[in-house]
Amino acid sequence: MSRVYNFSAGPACLPEEVLKTAAAEMLDYHGCGMSVMEMSHRSKEFQDIIDTAEADFRELLGVPDNYKVLFLQGGGNTQFAMVPMNLMKNKVADYIVTGQWAKKAAKEAEKYGTVHVVASSADKTFTYIPDLSDLPIDSDADYVYICQNNTIYGTTIKTLPNTKGKDLVSDVSSMFLSEPMDVTKYGILWGGVQKNVGPAGVTIVVIRDDLIREDVLPFTPTMLTYKTHADKGSLYNTPPCYNIYICGLVFKWLKEMGGLSEMKKRNEEKAKILYDYLDQSKLFKGTVVPKDRSLMNVPFITGNEELDKKFIAESSAAGLKNLKGHRTVGGMRASLYNAMPKKGVETLVQFMDKFEKENA
């Protein structure tokens, strides 16, 4: 069977070149006689893998020397707890809620301190980004939290909020390494890799050195303290070795493609193909205010639930997989991550046009 076009929001498609390299190295990694899956995380071979992965990641994103890069486990839901446990000295935090994941993060943080929702787009089902230029930031807030790209709703915060001097914490899971970012604007940025960087099981945290503290909330488990992992180079316990290895291959691939500026250009081209079609279609329509549209996640609907179901079934049969929208919103969603080729988006638009003519 030939490869399909996988539009899943995560776990998502990986570059074919990366998968081929991994396949070739599956039984014998660089002459060591074993797979990375079997390798000790204390071995020289794996130390080289994680060191190279970190170096390439730092180069791609331009991570300054005063930030640590941590390869952790537990996904975004664990970060929802780790952030307040490690940063809530005053036990106050401000959250900007522009989607389901920021909403969940705010709810989790309420267990550890006072949470102020200083901006939200819940009033219009998270279809837009509110004005973040002059927010009622609490003078005692330990940090301001955002989810920068909203996977479910297809919006992106394109201009970072004015935090009035407070540290910005950002979940960048579904836009990770899709475009250049100025790391110095963040206290912490983190993302689960399963959307745009690698296989599920790794969360990469980029954290400024001064936020790695010993004076965390007193009940914080050892494993949920950033200092635990920073002090041990992400090797305090057995990490997801194979998944970090795959991330490392993706970093190499991104460098070969020309880095993050080139990826942004490619991603803009891909997204334009689909958005241009949606803007002229009489059957399909996008659900997001145009100025806030994501390059990574494109939700759309027909306005008829039965027709949506028919489209999802027929597109899947045609090799356009995982176009069903998130269970909380329905409709359709195409995720156009780095590894999705332009041809995949063109094929999707051709299929949508055919479907529209047949179901007008």
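A nonpolar core is a set of buried Ala, Val, Leu, Ile, Met, Phe, Trp, Tyr and Cys residues joined through side-chain atoms within 4.5 Å. The structure shown above is a predicted model, and the largest such core in the model comprises 59 residues. Before that core is examined, the overall form of the protein deserves attention.

The protein contains nine helices and 14 strands. Its radius of gyration is 21 Å, close to the 21 Å that the globule rule gives for 360 residues, so the protein is as compact as a globular protein of that length. Taken along the principal axes, the box filled by the C-alpha atoms has dimensions of roughly 65 × 60 × 30 Å. Of the 360 residues, 56% count as buried. Many contacts link parts of the chain that are separated in sequence: among contacts between residues at least 6 apart, 69% join residues at least 24 apart.

The surface can be described in similar terms. The protein exposes about 15600 Å², and carbon and sulfur atoms supply 50% of that area. There are 43 positive and 45 negative charges, and the mean positions of these two groups are 4 Å apart.

Within the largest nonpolar core, which residues touch the most other members? They are Phe-57 and Phe-251. Several elements each supply at least two residues of this core, including helix 1 (16-24), helix 2 (44-61), strand 2 (67-72), strand 10 (203-208) and helix 7 (259-280). The largest share, eleven residues, comes from helix 6, which spans residues 241-257. Leaving out residues up to four places away in sequence, Phe-251 touches Ala-53, Asp-56, Phe-57, Leu-60, Phe-71, Leu-177, Val-197 and Ile-204. Apart from this core lies another, of 33 residues, among them Met-82, Leu-87, Ala-109 and Val-169.

Attention now turns to Met-88, which is placed in the loop between helix 3 (75-87) and strand 3 (92-97). Is this loop residue buried or exposed? The cut-off for a buried residue is under 20% relative accessible area; Met-88 has a relative accessibility of 2% and therefore counts as buried. Its contacts, aside from neighbours within four places in sequence, are with Val-83, Ala-93, Ala-109, Tyr-112, Gly-113, Thr-114, Val-115, Asp-142, Tyr-143 and Leu-217. One of these partners, Tyr-143, is 55 residues from Met-88 in sequence, while the C-alpha atoms of the two residues are 7.9 Å apart in space.

Some details of the backbone remain to be considered. Most residues other than glycine have a negative phi, and most peptide bonds are trans. Where does a cis peptide bond occur? Such a bond joins Gly-10 and Pro-11, with an omega of about -5 degrees. Pro-11 belongs to the loop between strand 1 (5-6) and helix 1.

Positive phi values are found at two residues described here. His-30, which is not a glycine, has a phi near 50 degrees. This histidine lies in the loop between helix 1 and helix 2, and His-30 is exposed, with a relative accessible area of 58%. Asn-322, likewise not a glycine, has a positive phi of about 65 degrees. The position of Asn-322 is in the loop between strand 13 (320-321) and strand 14 (332-335). With a relative accessibility of 47%, Asn-322 counts as partly exposed.

Conventions. Residues are numbered from 1 along each chain as its sequence is written. This is a predicted model: local features need pLDDT of at least 70, side-chain atom pairs count only at pLDDT 80 or more; totals for chains, interfaces and linings use all residues. Side-chain values use heavy atoms; hydrogens and water are left out. Helices (H or I, at least four residues) and strands (E, at least two) are DSSP runs, numbered from the N terminus. The radius of gyration is taken over C-alpha atoms; the globule rule is 2.2 Å times the number of residues to the power 0.38. Buried means under 20% relative accessible area, exposed over 50%, partly exposed in between (1.4 Å probe, protein chains only). Contact means heavy atoms within 4.5 Å. Accessible areas come from the Shrake-Rupley method with a 1.4 Å probe; for residues, only the protein chains shown count as cover. Lys and Arg count as positive and Asp and Glu as negative; His and the chain ends are not counted. The place of a charge is taken as NZ of Lys, CZ of Arg, CG of Asp or CD of Glu.
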